Amino acid sequence: MTPRMEHGLVLFLVLMFLIPCAMIIFVSTEVPYRVVPGEPVKDAALAAGITITSVKDTTWNLTGATGGKTYVLTDSSGNTVTMSTQAFDSAESRDAAIRLYNAHPVGRGKPVGSLLVVGQHIVYVTPANSPILEEISGELKKMNGS
């Protein structure tokens, strides 16, 4: 290998690492910790015209979790989704729960679903590709101030 080819290979490897990292940094937005009044999922579902089939109080066994609800939602097409919310007492507690969720690969302690952040709440959605999530996500973004 010539020195020119070695330099090209090193440059290629560096770019293969930096481009995805830069995309993650520039594309992702941080959701600030702020208190969102009421029940975000309930309010978003009602605003989007989604039917709330059942509601149950839940508290996740995580540091700083202050309680939440589990909703089963159904739309007019018959799609069903489960959304669990949990409020946290601080940004550090909320962010630690998100890091804990992301630390596990799917199937090894990490359930298949999606996490959303709405102020002090984390919302876990199952299944992650539900059309109901698409309908509600716009309303949830409005609550975040996005």
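**Buried polar residues, aromatic pairs and salt bridges**

Gln120 is buried, with a relative accessible area of 9%. In this predicted model, Gln120 is placed in the loop that runs between strand S4 (114-118) and S5. A polar contact of 3.2 Å joins the side chain of Gln120 to the side chain of His121. When residues up to four places away in sequence are left aside, Gln120 touches Tyr33, Arg34, Val35, Val36, Gln86, Ala87, Phe88 and Arg94.

One of these neighbours, Gln86, belongs to strand S3 and is likewise buried, its relative accessible area being 0%. A polar atom of the Gln86 side chain lies 2.6 Å from the backbone nitrogen of Gly67. The contacts of Gln86, again without residues up to four places away in sequence, comprise Thr58, Thr59, Trp60, Ala65, Thr66, Gly67, Gly68, Gln120, His121 and Ile122.

Aromatic pairing was examined next. The count comes to 2 aromatic pairs. In one of them, the ring centres of Trp60 and Phe88 are 6.5 Å apart and the ring planes stand at 65 degrees, so this pair is edge-to-face. Trp60 is located in the loop between strand S1 (51-58) and strand S2 (65-74), whereas Phe88 is part of strand S3 (residues 80-88); the pair therefore ties together parts that are 28 residues apart in sequence. Trp60 is partly exposed, at a relative accessible area of 22%, while Phe88 is buried, at 2% relative accessibility. Both residues also appear in the contacts described above: Trp60 touches Gln86, and Phe88 touches Gln120.

Tyr101 and Tyr124 also form an edge-to-face pair, because their ring planes meet at 65 degrees, with the centres 6.1 Å apart. Since Tyr101 lies in helix H3 (residues 91-103) and Tyr124 in strand S5 (residues 121-126), this pair ties together parts that are 23 residues apart in sequence. Both Tyr101 and Tyr124 are buried.

Charged side chains were then considered, and the structure holds 3 salt bridges. Asp57 and Lys69 form one of them, with their closest N and O atoms 2.6 Å apart. Asp57 lies in strand S1 and Lys69 in strand S2, so the salt bridge ties together parts that are 12 residues apart in sequence. Asp57 is exposed, with a relative accessible area of 58%, and Lys69 is partly exposed, at 22% relative accessibility.

A salt bridge also links the side chains of Arg94 and Asp95, at 3.1 Å from N to O. Arg94 is buried, with a relative accessible area of 3%, whereas Asp95 is partly exposed at 27%. Arg94 is, in addition, among the residues touched by Gln120. In the salt bridge between Lys142 and Glu139, the closest N and O atoms are 3.4 Å apart. Lys142 and Glu139 both belong to helix H4 (residues 131-144), where they are 3 residues apart, about one turn of the helix. Lys142 is exposed, its relative accessible area being 58%.

A nonpolar patch was identified on the surface. Met1, Met5, Leu9, Phe12, Leu13 and Met16 make up this patch, which covers about 670 Å². Phe12, one of its members, is situated in helix H1 (residues 3-27). The relative accessible area of Phe12 is 47%, so this residue counts as partly exposed.

Notes
Residues are numbered from 1 along each chain as its sequence is written. This is a predicted model: local features need pLDDT of at least 70, side-chain atom pairs count only at pLDDT 80 or more; totals for chains, interfaces and linings use all residues. Side-chain values use heavy atoms; hydrogens and water are left out. Patches are made of residues with over 30% relative accessible area and no salt bridge: like charges are joined within 9 Å, nonpolar side chains (Val, Leu, Ile, Met, Phe, Trp, Tyr) within 5 Å. Accessible areas come from the Shrake-Rupley method with a 1.4 Å probe; for residues, only the protein chains shown count as cover. A salt bridge is a side-chain nitrogen of Lys or Arg within 4 Å of a carboxyl oxygen of Asp or Glu. Helices (H or I, at least four residues) and strands (E, at least two) are DSSP runs, numbered from the N terminus. Buried means under 20% relative accessible area, exposed over 50%, partly exposed in between (1.4 Å probe, protein chains only). Rings of Phe, Tyr and Trp (its six-membered ring) pair if their centres lie within 6.5 Å; planes under 30 degrees apart count as stacked, over 60 as edge-to-face and the rest as tilted. A polar contact is a pair of N or O atoms within 3.5 Å; within protein, one must be able to donate a hydrogen and the other to accept it, and residues adjacent in sequence count only if both atoms are side-chain atoms. Contact means heavy atoms within 4.5 Å.
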